[in-house]
Amino acid sequence: MNLRGRIVEVGDEREVETQYGTRSLAEVSIRPDGVDDDADAADGDAYVRVTLWGKWTHTADLAEPGMDLLVTDAEESEYRGEKTYSTSKESYVVLEPDFLVDVTDVRSWVQCPRMYYLNKLSGIPLNYPVVKGTVVHEVFGDLLRGRDLDDSIDERVAEAGLQLGLLGYDAAEVRDEVRRNAAAIEGWLAQGTLTEEDAWRSEYTLISPTFGIKGRADALRRGMPVELKTGKNLRRDPRFQDKIQAAAYALVLAERGVPADTGTLLYTKNTTLERNEESGDLSPAKEFSIGKGLLEFVVRKRNEIAAMEFDFSVPTGFEADAKCEYCFEKDTCMVVSGRLNQESKAGQIGSPLPEDERDYFDRLYRAIEEERRETHEEYRKLWEQSAEERAADDRAILGLEPAGRREIEGGRWELRATKTDDAVSKLREGDICLASDGDPVGGHAELCRIRELGDEVVVTADEPVSVRRLDVYPSEISVSRMLTAVHDALLKGDERRKDVLFGRREPAFTDRSSRTYIDNNDSQDDAVRLAVDADDAALVHGPPGTGKTYTIARIVRALVADGNRVLLSAFTNRAVDNALEALRDQGFDSIVRVGTENGVREDMQELRLETAGEPNDCAAELNGAPVVAATTASCGSRVVREQSFDVALVDEASQLTEPGTLAAINRADRFVLVGDHEQLPPVVRAENDLQRSLFERLVEEYPDASVMLDRQYRMSQRIQAFSSAEFYDGALRPATGEVAAQRLSDLGIDESVLPDDLHDPVAFVDSDSPRVGNTNPGEADRIAELVETYVAAGVDPDDIGVIAPFRAQVAEISRRTDVTVDTVDRFQGSSKEVILVSFVVSGRIDGPIFEDHRRINVALTRAKKSLVLVGDADALASDPFYARMLEWARR
């Protein structure tokens, strides 16, 4: 039987005499799953005692109360009326099984525990071994799929063109080196012919909810793991840490009922060596046996990582038996050790961080790791929630019918399926998700990117799969890049910049703006002047409709005219492309757009940086661009981290976590942040310091370094009044009399045909219908009727939008109307002539989504000429803020 529960108490390791001789044991008391945490410990059923024998006592040394413990194949016995459990010969003991540790991290930990920590903290920089290794791995996958070697090499080297160009490598020499590495793969494949039943699988996604491991195996051959290494190994056996990587995949395969007792390591550089220059075993393929003892070792090492991550404080790491002399992380290790004042066998470089900076580092490290833990909670739901529960929670789309597949460029696959219902989810076009045959954990699943998500679903993946289900697949990339951004800002950052960030010095300004940039809007002109004059930082507060995007474009133009290279960034692709559109409208197009084909808007594709091609050409295009545009997430990529700028301008800065903003501003000498902290806050799962943006902190700390745009061009006076009074101290006002007085009649609509209660630009309609979960069907009916009323009066359906607080209500309303319906988050940055807002609630206001009034500010400021609020009047009147809103709407 498998036994799992929350650890209550951990006993010390001790030795006892048994019939088998002296053995070590440790006892752990756990509260089994299903027992209430508040149950009385005196109750015999509240907890059970588990005896861990032999080497599993090592895991007991790591265990702490509050951790989850899983013992597989536990033996049950009874002593003096008490049921007890112990490990058996077949048992594995897993700490925190819901924390999925990546297989490559287990390998790094075995090689050197400090290397695991350093890789997480500093990220993997752009370097040739990494780029070449990626190319060789791609060629490996192509050969498994039967592609021609030369065609594969030409294409894969071209795909890496930008990175190779930035590193100064010529395509011909890289192709030659890759070809020599590929000879190992070709020769090994030629040694034996596989039958159809023995088909290869490359880049196979594996998840183990039992052992808490995830990863993508390079290949499976007859169900056995194969790992490709682009280095050399002249010994007969694989390197131990490489064995661990393949054994970890074997462990996951065994959970799926595939007993993998052999692993293969393929060292491709061995075939590039001359026998008269090197001694040893030059054969590239090295097989090894995978026994129970090795698998147990993998689990114990994985447990060490899980235990370290359970404590959110900054780890010191330790080198174990690693040799530092030739370690490629030695320099990073010494810098981190010096700056964080940690011991290291490699030594220290640099002085320790000041106390305030170290406190900041510790706080953000903990906050980021708490966010990572929340991401792992999303992984857990993949197997803990039923398919129906995931669908109801908007985390999965079920019931897809496979509708064909075709191989596309690069040996990838385009997979099609049709939806059998109108279900909605958190998934959007462009997202990475998990496509499966219906079982994302135990069945066949592949990571894929969504191209189309309508009645027909189209995704692309490395390997074909019968797409019957799509699941949200959480990514740790954003979390990892936040941590790297903090590392870069504090351990490598400019001291002058840090003086401003830590309140040791006010931002400085030099009078460089001797001209008028915008002659019809004083606050916009002031914003441009502030940005041009800033020696450190400038902050532009842009409430709804104030021409923020136009102002951003004018700032960029002014900065470039002064000889600056500018990084233009934002939280979302949409905001980046909107800023580029404004720049082009102003006659400026010397721009390179960094982003994927799916992420960049269609009309901005011609600006998109080509990452594939001749290395020198790709690099020259990026290095020569006066303006580079990218999301803040892309600013943490290896390519952009290698770039430097005079100024970084970040839009949507109030929606970014502080580390998320650092990822962009780390790349420049000075920065301009543009945002509105009275609209949507940073999007995070954990409740901690990440919830407050750097923009909000600096605006409050340095009011003289900020300008608020106070004239809005969107809403009529009647619509904007409540938002101006509640959020902007009455300072927000219409830019012109025409904006203030706008009505539906300006669109040629005969307002007299509308019902009396819709004549006013702001109206409230009492839905008087009950909430059902996160929906309100009666309210949805009423909204559909109101939409039809506007359409019947002559309003174009494209000019009408509906905002709802929950995706379930979005789906409910979408079944009743064809106009745009979406959540507040999706509507930020856009507007419509007519907006209807569904509040869903009945009886009383409750739930965190209603407690953050900034979200309501977004909803109320999307309409230009007509705003209709639909909700339960009694519920809204129960809260002071919503009561004031109700009073305003009913005026």
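**Exercise 1. Backbone at Val840**

Task: Find which loop holds Val840, and state the sign of its phi.

Solution:
- Start with location. Val840 sits in the loop between β34 (832-838) and α28 (848-851).
- The model is predicted.
- Now the backbone. Val840 has a positive phi of about 70°, yet it is not a glycine.
- Most residues other than glycine have a negative phi.
- Last, the surroundings. Val840 counts as buried because its relative accessibility is 0%, below the 20% cut-off.

**Exercise 2. Backbone at Glu96**

Task: Place Glu96 in its loop and decide whether it is buried or exposed.

Solution:
- Glu96 lies between β8 (93-95) and β9 (101-102), in the loop.
- Its phi is positive, about 45°, although Glu96 is not a glycine.
- Relative accessibility is 10%, so Glu96 counts as buried.

**Exercise 3. Cysteines**

Task: Count the disulfides, then explain why Cys448 is not bonded to Cys433.

Solution:
- A disulfide is a covalent bond between the sulfur atoms of two cysteines.
- The structure holds 0 disulfides.
- Take Cys324. The nearest cysteine sulfur belongs to Cys333, 6.3 Å away.
- Cys324 is buried, at 18% relative accessibility.
- Take Cys448. Its sulfur is 3.4 Å from that of Cys433, the closest cysteine sulfur, and this is too far for a bond. The cut-off is 2.5 Å.
- Cys448 is buried as well, at 2% relative accessibility.

**Exercise 4. Salt bridges**

Task: For the pairs Glu159–Arg156, Asp488–Arg641 and Arg884–Glu726, give the N to O distance and place the partners.

Solution:
- The structure holds 85 salt bridges.
- Glu159 and Arg156 meet at 3.0 Å, N to O. Both lie in helix α5 (residues 149-159), 3 residues apart, about one turn of the helix. Glu159 is partly exposed at 35%, whereas Arg156 is buried at 6%.
- Asp488 and Arg641 also meet at 3.0 Å, N to O. This pair links distant parts of the chain, 153 residues apart: Asp488 in helix α13 (residues 477-491), Arg641 in helix α20 (residues 638-641). Asp488 is buried at 5%. Arg641 is buried at 17%.
- In the pair Arg884 and Glu726, the closest N and O atoms are 2.7 Å apart. Helix α31 (residues 880-889) holds Arg884 and helix α23 (residues 717-727) holds Glu726, 158 residues apart. Arg884 is partly exposed at 37%. Glu726 is partly exposed at 28%.

**Exercise 5. Surface charge**

Task: Name the residues of the negative surface patch and locate Glu13.

Solution:
- The patch is formed by Asp12, Glu13, Glu15, Glu17 and Asp61.
- Glu13 is in the loop between β1 (3-10) and β2 (14-18).
- Glu13 counts as partly exposed, at 40% relative accessibility.

How values were computed: Residues numbered from 1 in each chain as written. Predicted model: local features only at pLDDT ≥ 70, side-chain atom pairs only at ≥ 80, totals over all residues. Heavy atoms only, no water. Buried < 20%, exposed > 50% of the residue type's maximum accessible area, 1.4 Å probe, protein only. Patch = residues over 30% accessible without salt bridge, like charges linked within 9 Å, V, L, I, M, F, W, Y side chains within 5 Å. Areas by Shrake-Rupley, 256 points an atom, 1.4 Å probe, with all protein chains shown as cover. Salt bridge = Lys/Arg side-chain N within 4 Å of Asp/Glu carboxyl O. Lys, Arg positive; Asp, Glu negative; His and termini not counted. Charge placed at Lys NZ, Arg CZ, Asp CG, Glu CD. Helix = DSSP H or I, 4+ residues; strand = E, 2+ residues; numbered from the N terminus.
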